[in-house]
Amino acid sequence: MVAFFLNLNPEQIVKRYCHLHPNVEANVVRDLLGYVPRYFTHSGTDLIHCATDAGNRKMVVIETNSSPSGQKSMPLLDDYQEMGGYLTYVEKTFVPFLKQRRTIKGELAVLYDKNYMEASGYAKAIAQSTHEKVHLIPVFNDGTSDDFFKVEDGVLFVHENGAWTPIRACFRYVTQQPWNRLPVLGRTLVFNPVITCLAGGRNKLVASKAYQLFNAEYKEHNLHISTPETIWDVEKAEIPLWVRQMGGKAVVKIPYSNAGQGVFTIVNEEELNLFMAQEFDYDKFIVQSLIGNHAWSSEFTGGKLYHVGTMPTAKGLNYALDFRMIIHATQEGFRPLSLYSRRASEPLALELGSGKDSWAVLGTNLSMKEGSNQWSSDVARLMVMDRKGFNRLGIGLDDLIDGYLQSVMATVAIDNMAKQLINSKGKLKKRLFKSLNNDESLIKEIENGEL
């Protein structure tokens with residue numbers, strides 16, 4: 001089924017989606033799928049398969065990632081093409097966009113700060129497709145990589161064999177605060193540039209505003225990005241007020257973290273007190289309605305949403321899970337590239353008693369930080385798109401199409417926000433950005449990256 005979905009042509013998707021949503025115009029969906037981004041050429045949207053109190057099911061966007069992992073977890077569509085989605089991305093996105101955009105003279109590179117396997121896969125695919133040398137450069141967030149790379153006048157240089165080599169284009173898998181050591185938008189062509197992170201791909205606060213702007217624009221077309229109820233620009237002292245307004249259950253997020261870091265599920269006073277006792281580097285948070293089990297989800301203006309979860313096991317247990325939908329831009333518009341799923345470590349309980357860790361029941365991210373620049377992954381909870389794994393997910397073809405449309409709309413929203421944040425000289429509109437995200441700690445990090 002997944003292979004069938006990935007091989008559907010855009011017109012088939014338009015026809016099917018509009019057949020199930022007759023109040024949506026086909027031409028509007030066609031235009032969205034045909035959108036060619038300026039900055040955001042590939043994304044990974046995390047989706048939760050939810051149900052309402054009335055039993056209506058939908059895919060809800062949790063966040064959109066500008067350096068998404070996932071290719072290594074996707075089964076091959078063609079057993080004879082061992083590079084799989086890595087090569088598809090390079091041949092359909094990286095190389096065509098590289099050819100049509102002006103670049104400086106220089107070589108090619110892949111930058112990374114975690115997930116060496118994923119990053120090296122892209123490096124191999126780029127080298128095979130372009131027949132050029134591709135530098136694979138660590139860019140860690142602690143200064144230990146300063147001997148390997150530098151940025152001068154917006155140009156990235158890498159150091160090898162005693163010389164600094166300019167890079168004309170690179171694939172970026174730098175996920176941890178990339179803005180504090182890379183320019184927002186430089187002369188080296190970057191896939192994806194840091195502006196996509198600040199506009200929403202690594203900034204959940206600005207992403208929420210981008211989604212709201214998109215929804216306002218497309219309201220007359222009966223299209224919208226589905227998200228949990230979101231309160232942004234929240235100071236730490238305000239958080240207990242919003243948690244209580246959501247019925248004592250909520251999700252609090254540091255807007256600029258990723259890989260499962262900086263996300264706090266709160267279902268009781270004990271977890272709220274533990275959160276409030278911590279110290280944080282940033283001043284602003286977002287608070288979202290919590291999607292839990294049907295008996296203990298947040299109560300808010302949009303009504304309750306709860307996890308559909310996995311199919312029950314032989315012991316009758318089902319688990320919260322999410323989906324990572326990776327899409328990429330081609331010359332004809334966005335196309336789905338790969339997907340996988342992750343489940344929580346403990347099953348969805350009918351009740352969460354005192355002392356129960358809600359993150360163990362709801363947290364799905366597989367990454368585990370073990371130290372500076374050291375990460376591992378809980379692969380036992382990975383659910384890949386093979387026959388055995390897919391049947392446990394409880395989804396069908398129309399759910400995949402719904403998730404794909406949600407991913408496209410979220411990516412378009414963030415690309416539009418990125419375009420608004422860059423001036424005619426290719427620089428960040430700092431005053432506009434500060435009005436959207438007035439967090440002094442973040443702004444200082446951005447300024448350091450621009451030095």
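This passage describes helix packing, enclosed spaces and selected buried residues in a predicted model.

Helix H7, which spans residues 204-218, takes part in two of the helix contacts considered here. Two packed helices are described by the angle between their axes and the distance between the axes. In the contact with helix H6 (residues 194-201), the axes lie 7 Å apart and the helices pack at an angle of about 70 degrees, which makes H6 roughly perpendicular to H7. On the H6 side, the contact is formed by Leu198, Ala199 and Gly200, which meet Val206, Ala207 and Ala210 of H7. When the residues of this contact are divided by character, 5 are nonpolar, 1 is polar and none is charged.

The surroundings of H6 can be described further through the accessibility of its residues. Of the 8 residues of H6, 8 are buried, so this helix is largely enclosed by the rest of the structure. The buried residues are Val194, Ile195, Thr196, Cys197, Leu198, Ala199, Gly200 and Gly201, and among them are Leu198, Ala199 and Gly200, the residues that meet H7.

The other contact of H7 involves helix H12 (residues 397-421), where the two axes come within 9 Å and cross at roughly 105 degrees. Because angles of 65 to 115 degrees count as roughly perpendicular, H7 and H12 are also described as roughly perpendicular to each other. From H7, the residues Val206, Lys209, Ala210, Tyr211, Leu213 and Phe214 take part, and they meet Met409, Ala410, Val412, Ala413, Ile414 and Met417 of H12. The residues of this contact divide into 11 nonpolar, no polar and 1 charged. Val206 and Ala210 of H7 appear in the contact with H6 and in the contact with H12.

Attention now turns to the spaces within the model. The count comes to 2 cavities of 30 Å³ or more. The largest cavity has a volume of about 120 Å³, and of the 17 residues that line this cavity, Leu182, Pro183, Gly186, Thr188 and Val190 are the closest to its centre. Its lining consists of 11 nonpolar, 4 polar and 2 charged residues.

The second largest cavity holds about 90 Å³ of space and is lined by 14 residues, of which Ile62, Glu63, Lys204, Ser208 and Tyr211 are the closest to its centre. Strand E2 (57-65), helix H7 and strand E12 (285-289) are the elements that give two or more residues to this lining. By character, the lining residues of the second largest cavity divide into 5 nonpolar, 6 polar and 3 charged. Tyr211, listed here beside the cavity centre, is also one of the H7 residues that meet H12.

Among the open spaces, the second largest pocket has a volume of about 660 Å³. This pocket is lined by 26 residues, and those closest to its centre are Leu185, Gly186, Arg187, Thr188 and Gly426. The elements that contribute two or more residues to the lining are strand E5 (149-152), strand E8 (189-191) and helix H14 (440-450), and the largest share, 3 residues, comes from E8. The lining of the second largest pocket divides into 10 nonpolar, 7 polar and 9 charged residues. Gly186 and Thr188 are listed among the residues closest to the centre of this pocket and among those closest to the centre of the largest cavity.

Three individual residues complete the description. Gln71 is found in the loop between E2 and H4 and, at 4% relative accessibility, counts as buried. Leaving aside neighbours within four places in sequence, Gln71 is in contact with Gly85, Tyr86, Glu118, Tyr122, Ile326, Leu337 and Ser338. Ser73 is likewise placed in the loop between E2 and helix H4 (84-100), and this residue is buried, with a relative accessible area of 11%. Apart from neighbours within four places in sequence, Ser73 is in contact with Tyr340, Leu382 and Val384. The C-alpha atoms of Ser73 and Ser341 are separated by 9.3 Å, although these two residues are 268 residues apart along the chain.

Thr52, in turn, has its place in strand E1 (residues 42-52). With a relative accessible area of 18%, Thr52 is buried, because the buried class covers values under 20%. Its contacts, leaving aside neighbours within four places in sequence, are with Lys304, Leu305 and Tyr306.

Notes: Residues numbered from 1 in each chain as written. Predicted model: local features only at pLDDT ≥ 70, side-chain atom pairs only at ≥ 80, totals over all residues. Heavy atoms only, no water. Axes fitted to C-alpha atoms, helices over the stretch in contact; angles between N-to-C directions. Helix = DSSP H or I, 4+ residues; strand = E, 2+ residues; numbered from the N terminus. Parallel < 35°, antiparallel > 145°, perpendicular 65-115°, else oblique. Contact = heavy atoms within 4.5 Å. Nonpolar A, V, L, I, M, F, W, Y, C, P; charged D, E, K, R; others polar. 1 Å grid on protein atoms, 1.4 Å probe; cavity = no way out; pocket = protein on both sides within 12 Å on 5 of 7 lines; lining within 4 Å. Points joined across faces, edges and corners; volume = space filled by probe spheres on them. Buried < 20%, exposed > 50% of the residue type's maximum accessible area, 1.4 Å probe, protein only.
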